[in-house]
Amino acid sequence: LKDNGIDALLIYPRSGCEIEYLSEEWFSAIGHFISAAVKLDMDIWLYDDFNWPSGDCKGRVSAIPEFRLMSINVRGDGVGRISCKSRHNSGLFGEKFFPNLLSCDAVDLFISLTHDEYYRRFGTYFGTVIKGFFTDEPSIGYCITENSIPYYHGLKDDYRLKYGRDFDNDVQSGAAELYKNAMTLVSNKFKSAYLDKLAGWCKSRGILLT
């Protein structure tokens, strides 16, 4: 890579990798990448998960039931029902849950399992050889269907506080502004619980988030 004018690389763990993700063997391999990058004056970017989307630590976050992404039915059958059913239970993903990136506790677990472990071992290279973390397709959209929207604990209270309206009443009546209002709150929650938290973690350690 260096001989062909490439000065930076991203280490991207995904299907086909024969080393167990985040095992000691994995971190040993990362150490070899870093040693080579130091010798060759190259930069390294780290990916924060295995496959995609980010936020699950190869299923370790969503393995905890309360840390699974939730949705609430707002029309059609089962109005008002909250579930963790993914619209991606298919041949592509199989029977899959997604991490609840609207939960600060779930994101904190993700960071402790992933980012903190990299920093514990390779923190001296942060901001020099290691330039940043790449986060791939983190989304609250994996549970959205034509009849449901993402849900987090406290959504109904936030809805009343911001709009002066009762969420359940707006669901039952099919209020025109329901989807727009709720998704504004959900989007803000995603920004604070995931994007801001990860960006702050990276900034405090002298690296970038992309």
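**Notes on the predicted model**

1. Let's start with one pair of residues: Tyr 47 stands opposite Phe 134 in strand 5. This is a predicted model, so please read everything below in that light. The two strands behind that pair are strand 2 (residues 43-47) and strand 5 (residues 130-134), which run parallel and are joined by four bridges.

2. Zooming out, strands 2 and 5 belong to an open sheet of four strands, with the order 1-2-5-7 and parallel pairing. Strand 1 (8-11) and strand 7 (208-209) are at its edges, and each has a single partner strand, so one side of each has no neighbour in the sheet. As a reminder, strands of a sheet pair through backbone hydrogen bonds, either parallel or antiparallel.

3. The other sheet to look at is an open one of three strands, in the order 4-3-6, and here the pairing is antiparallel. Its edge strands are strand 4 and strand 6 (148-151), each pairing on one side only. Strand 3 (residues 70-73) is linked to strand 6 by four bridges, the two running antiparallel. If you want a residue to click on, Met 70 has Tyr 151 as its bridge partner in strand 6.

4. While you are on strand 6, have a look at Ser 148, which is found there. Is Ser 148 buried or exposed? Its relative accessible area is 2%, and buried means under 20%, so Ser 148 counts as buried. Leaving out neighbours within four places in sequence, Ser 148 is in contact with Ser 71, Ile 72, Asn 73, Val 74 and Cys 143.

5. Phe 97 deserves its own point. Where is Phe 97 placed? Phe 97 lies in the loop between strand 4 (82-83) and helix 2 (104-113). With a relative accessible area of 30%, Phe 97 is partly exposed; that label applies because the value falls between the 20% limit for buried and the 50% limit for exposed.

6. Which residues does Phe 97 touch, not counting those up to four places away in sequence? They are Asp 56, Ser 62, Arg 68 and Cys 84. For another bearing on Phe 97, take Pro 53: the two are 44 residues apart in sequence, and their C-alpha atoms are 11 Å apart in space.

7. Now the helix pair. Two packed helices are described by the angle between their axes and the distance between the axes. For helix 4 (residues 155-163) and helix 6 (residues 178-204), the axes come within 10 Å and cross at roughly 110°. Angles of 65 to 115 degrees count as roughly perpendicular, and therefore helix 4 and helix 6 are described as roughly perpendicular to each other. The crossing of helix 4 past helix 6 is right-handed.

8. Who makes that contact? From helix 4 come Leu 155, Asp 158, Tyr 159, Lys 162 and Tyr 163, while helix 6 supplies Leu 178, Asn 181, Ala 182, Thr 184, Leu 185 and Val 186. Sorted by class, the contact of helix 4 with helix 6 has seven nonpolar, two polar and two charged residues.

9. Finally, the overall picture. The protein has six helices and seven strands, and from the N terminus on its elements run β-α-β-β-β-α-α-β-β-α-α-α-β. The C-alpha trace spans about 65 × 35 × 30 Å along its principal axes. Of the 210 residues, 42% count as buried. Among contacts between residues at least 6 apart in sequence, 75% join residues at least 24 apart.

Technical notes:
Residues are numbered from 1 along each chain as its sequence is written. This is a predicted model: local features need pLDDT of at least 70, side-chain atom pairs count only at pLDDT 80 or more; totals for chains, interfaces and linings use all residues. Side-chain values use heavy atoms; hydrogens and water are left out. Buried means under 20% relative accessible area, exposed over 50%, partly exposed in between (1.4 Å probe, protein chains only). Contact means heavy atoms within 4.5 Å. Axes are lines fitted to C-alpha atoms, for helices over the stretch in contact, and angles run from 0 to 180 degrees between N-to-C directions. Angles under 35 degrees count as roughly parallel, over 145 as roughly antiparallel, 65 to 115 as roughly perpendicular and the rest as oblique. A crossing is left-handed if the near helix is turned anticlockwise from the far one by less than a right angle, and right-handed if clockwise. Ala, Val, Leu, Ile, Met, Phe, Trp, Tyr, Cys and Pro count as nonpolar, Asp, Glu, Lys and Arg as charged, and the others, Gly among them, as polar. Two strands pair if DSSP finds at least two bridges between them.
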